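Here is a short tour of a few local features, written for a reader who likes to check values against coordinates. Have the model open as you go.

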Amino acid sequence: MSKLDFLSFGAAKRKAGDPFGGAQAASDWYEEWAPQQGGSLVEALCARIALFSAESANARLGLAELESLLALNSLSWPQLQAVRAQYLLNNRMPRVLEEQLRVQILRYAEVFSTAYQRFFCADALADASVRPLLPLAVARVLAFRADHALWLYFRHFSPDPVFWLNVNQLYAWAERAGLESLPLVLYDDRAGTTIQDEYIALLMTALLDAGNLSARQVYAAHQLALRLANRTHLLNDPAEASFMVDLARGAPPARPRAGGAQGQQRYWRTADICEPMNAWRIVYDSGRMPDELRRLNIDGLDGGLLHRLVHEWADRPTPYQRADRQSVNGRSFEVAHRLAVLHKLIRQPDEVRAKQDDASFDDAGALRIYGFVTSRSRLRQAPASPAAEATATLADSLPTWHVEDQSTTGLGLSLASTGSEWVNLGSLIGYREADTWGLGIVRRIKRPAPEKLFVGLEIVSERPVAASLRAEDGRPVVAETQMPAERVWQGGEIALFVGCVREGRKVNALILASASYALGKQQYMSARGKHFLIALGRVLEKGADWCLCEIELIRPVEALPKP
């Protein structure tokens, strides 16, 4: 005699007007409720879904609840995309606002993932009405997990083993249930996909965990991986595999290890993925955008990023040609950033030396005439200006970074995360050891722990020279009227003259404010008492508010022209 079960799967009762009474009920409720929330819609919906999960913790859910969750997720997806775009399109967002947006997106992913996972069980698989919707629910949870990983990569963290164990086991469950290859449409604005495609795209993005890509580049790489994931498949056979992942372990993907297939390892090849990317890269190198990428409309994807992706996703490993690194102990640098601050610090020794030379000349004159240095000569020597005192104070309060390793072209530095929020990829950094300043560009950032930061710095110049720029007519720049006073020095706009190596050749280059750059623009450059007429060449590097460009030394001049 069979036992009656009044709590059987799908038997939960819903009141009229409840958003969890089915897809149509959820849609009607959302259309009436959403306009009342304004800018707090995402937070309010997260609170409502979390309340539903708490209230139904001991109930068995069925088709109506799953349809409602999927519908509410689809209806609110455009608002979540708008929050993500707000973050990606603003490179100078305040940290407080960035944290708020991050919390919104991750909270949204957390509450929906928790609700969906209630259906990942044997009862749901056995329910003929619920089973067809499970592939979409699993794929969305994987997409939410990818969002969580992306936010970690944006901030140069790495997902922990618990994250990878949950993701790998979720895919293993879908594979055992035979759901991994069923076609589906994740959202209305997305192309067709499968659970396996979403999983492969996440694995491909995890291979870019070197800390040398910006947030927009990581997001663009993930979007490209989603488009190309259907060109490969996860297999049990390690033959000719490019990468592997172990579904039974909490570990990210890696290159295959010797020893053949073991346990729940899955393998995939990337030759078919890299083939169109190589073709696109060739078109980019010719100065055009590939038609396929124009149709995909992936913001942040360019020829430089494609080159990196082809290298990282290559069918066979192709190591970088790096300079030999040497470990360093007990060495540290004082560091500074911002072009105006760097210019002040770099020119300070020259200004002090020039002042000492003037004082020595006056003293020598007094000795020649009177045989001693008069008090009148001492009085003529002006005290330090407020600007000089401010520069000296600034130089005494610089943070210290510790050198971990070095090579002929770069430095590996470690520092505390606190107070280092300004450090970003592409930042221009000045570093000082003793009284010598050097310049470098941040190429790599990793956070091995929340309180520690590791920075890879490419050396641009070990002997930069402070310079000032004037227009061709020689007219001086007026501080506060034409530009801020901190950007004016010796009657011209501040710049840094550097000799650097690019593409295997030594070039004369200039670092100046990006707003002042124009290709072919001719200006007078003054540096260490010498004057030159120069022309600005092509841009070699570009930061948030500065650029490094080649210059052509047209001719030296004895003095600046009179305006």
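Two strands pair if DSSP finds at least two bridges between them. Helices (H or I, at least four residues) and strands (E, at least two) are DSSP runs, numbered from the N terminus. This is a predicted model, where local features need pLDDT of at least 70, side-chain atom pairs count only at pLDDT 80 or more, and totals for chains, interfaces and linings use all residues. Residues are numbered from 1 along each chain as its sequence is written, and side-chain values use heavy atoms, with hydrogens and water left out.

**Paired strands**

Let's begin with strand 15, which has a pairing with strand 14 and another with strand 18; the table sets them out.

| Strands | Residues | Sense | Bridges |
|---|---|---|---|
| Strand 14 and strand 15 | 492–502 and 505–513 | antiparallel | 7 bridges |
| Strand 15 and strand 18 | strand 18: 546–557 | antiparallel | 5 bridges |

Within the pairing with strand 14, Val498 has Ala509 of strand 15 as its bridge partner. On the other pairing, Ile511 is found opposite Leu548 of strand 18. Strands 14 and 15 make a hairpin with 2 residues between them, and Glu503 in that turn has a positive phi of about 55°.

Positive phi values also turn up in loops. Gln490, a residue other than glycine, has phi near 55° and sits in the loop between strand 13 (488–489) and strand 14. Ala434, likewise not a glycine, has phi near 65°; its loop runs between strand 9 (428–433) and strand 10 (436–449). Ala434 counts as exposed because its relative accessibility is 64%.

**Helix 8 and the residue before it**

For burial, the cut-offs are under 20% relative accessible area for buried, over 50% for exposed, and partly exposed in between (1.4 Å probe, protein chains only). In helix 8, 12 of the 12 residues are buried, so the helix is largely enclosed by the rest of the structure. Among them are Ile195, Asp197, Tyr199 and Met204.

Does the length of helix 8 fit, or what span should its 12 residues (195–206) have? The expected span (1.5 Å times one less than the number of residues) is 16 Å, and the end C-alpha atoms are 17 Å apart, which agrees.

Thr194 lies in the loop between strand 2 (192–193) and helix 8. Thr194 is buried because its relative accessibility is 12%. A polar atom of the Thr194 side chain is 3.0 Å from the backbone nitrogen of Asp197. Leaving aside residues up to four places away in sequence, Thr194 is in contact (heavy atoms within 4.5 Å) with Glu180, Ser181, Leu182, Pro183 and Leu184.

Methods
A polar contact is a pair of N or O atoms within 3.5 Å; within protein, one must be able to donate a hydrogen and the other to accept it, and residues adjacent in sequence count only if both atoms are side-chain atoms.
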